[in-house]
Amino acid sequence: MTIREAAPSPLLLVTIDRLPLGLLPPYGCSWVAMPVLNGLAGSGVVLDRVITTTDNPHDVLAALAGAPACGAEGPWPLLAAAAALGLSPTLITDDSRLAATVPPPFAPCYVPLIPTASVAADPTATNLGRLFAAAADRLATGDHRLVWCHAGSLGQIWDAPEEFRAAYLDPDDPPPPPGAAVPDLVVDATTDPDLIVGLRHVLAGQLTLLDHCLGGLLDAVPETDGQPWTILVAGIRGLGLGLHGRLGCGPLPPYGELIHVPAVLVDPEGRMAAQRTAGLVTPADIGATLLQWIGRTEADGDDPRSGRSLEPLLESWREPSRDRVICTAAHGTAVVTPAWHLVMVGADGESPKLYAKPDDFFELNDVADRCPVVAEELASLASLATAAAHEAWTTPFSESAIRGV
């Protein structure tokens, strides 16, 4: 463990569960309005391919906090190190499970969700509005130099005011489904396309509300002895958009919809501003970077899942060098390389599905039958993911499995 001599930059972390990368403007979506997030992307580096190693949101959060790759038990190094350095870390969340399970001695500020069947009258009355207002208050009134705001409501309540939804309706569009319920819709050939479009419009309105609340939080960031703040905005997991048989938060195999998450990282020194990287990154890599930025490094043996700091990217534009990320999820396993995304659905691992990256962004064209050698090679790694994780992450594989054919 090492400690920098210079005082660390204050940190603002914003994490959102169920944040769909495919609907975010920094990732190519042109029809959803999120000007605040776009502004952050212009000030920081957009991480194009952050892949989670699990679909358990608590474990992903622990990885962002520098927890060891072997599990999320015990103190979170980022919070513990920040406390030791006098940064007065504080965590504000609307996620009851997170509030109850963050390792001691940290007691989060819990902002409970208000269940509702209808949309809110104005942004301040929404659950996102209440959460972000509480986080802004912590920024403005305390001596906290590490403020972490985690939102879980995107997967539970879509209560954006009516005007946020109406912004996405064309005159000829049917009205979207009313109410604030988050859908759990099985999508097949009989599903009404207008229903799918309407639900996506409702989600877009909720994302614009999120962006509005994020803007209010950023406005509350104080001047701290002339030091600019490090800012991270990241997703924890996505949700189904109707592309793979599910729209909403129901069970989903580890397609990119679920495990390919967004992250925008703003370096206080402005390094890599308005740039992006396509290298494979895990949440643990981001956690290792944040730990290094506050002056700590944590050794985790030779576990290949351990976080690798992104400091070389910001120092000398060296791309992240991972050749694979393996995700073990509740409903399948995924093996992701720079050129491929393989999905094994279910515990028994039925026939693998293989998608070429980055061209097949939404994973709509399964090429396993046209690239059987690559599919078999990556499927063999997926079969080891649970019983022999170290072997799955380290076994050499072919250049075509890494770079494509």
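Student: Trp-148 first: buried or exposed?
Tutor: Buried, because the relative accessibility of Trp-148 is 1%, and buried means under 20% relative accessible area, exposed over 50%, partly exposed in between, with a 1.4 Å probe and protein chains only.

Student: What am I looking at, and how is it numbered?
Tutor: This is a predicted model, in which local features need pLDDT of at least 70 and side-chain atom pairs count only at pLDDT 80 or more, while totals for chains, interfaces and linings use all residues. Residues are numbered from 1 along each chain as its sequence is written, and side-chain values use heavy atoms, with hydrogens and water left out.

Student: How many aromatic pairs are there?
Tutor: Four, from a search of the whole structure. Rings of Phe, Tyr and Trp (its six-membered ring) pair if their centres lie within 6.5 Å; planes under 30 degrees apart are stacked, over 60 edge-to-face, and the rest tilted. One of the four pairs is Trp-31 with Tyr-168, edge-to-face because the planes are at 85 degrees, with centres 5.7 Å apart.

Student: Why does that pair tie together separate parts?
Tutor: Because Trp-31 is in the loop between strand E1 (11-17) and helix H1 (35-43), and Tyr-168 is in the loop between helix H6 (162-166) and strand E6 (184-186), parts 137 residues apart in sequence. Helices (H or I, at least four residues) and strands (E, at least two) are DSSP runs, numbered from the N terminus. Trp-31 counts as partly exposed at 38% relative accessibility, and Tyr-168 as buried at 11%.

Student: Which residue pairs with Trp-148?
Tutor: Trp-76, in a tilted pair with 5.9 Å between centres and 40 degrees between planes. Trp-76 is in the loop between helix H2 (57-64) and helix H3 (77-84), and Trp-148 is in strand E5 (residues 146-151), 72 residues away in sequence. Trp-76 is buried too, at 2% relative accessibility.

Student: Switching topic: where is Leu-203?
Tutor: In helix H7 (residues 193-219). Leu-203 has 2% relative accessibility, so it counts as buried.

Student: What is Leu-203 in contact with?
Tutor: Apart from neighbours within four places in sequence, Leu-203 contacts Pro-20, Leu-23, Trp-158, Leu-239 and Leu-241, where contact means heavy atoms within 4.5 Å.

Student: And the whole chain, how many helices and strands?
Tutor: The chain has 13 helices and 16 strands. Its radius of gyration is 21 Å, close to the 22 Å that the globule rule gives for 405 residues, so the chain is as compact as a globular protein of that length. That radius is taken over C-alpha atoms, and the rule is 2.2 Å times the number of residues to the power 0.38.
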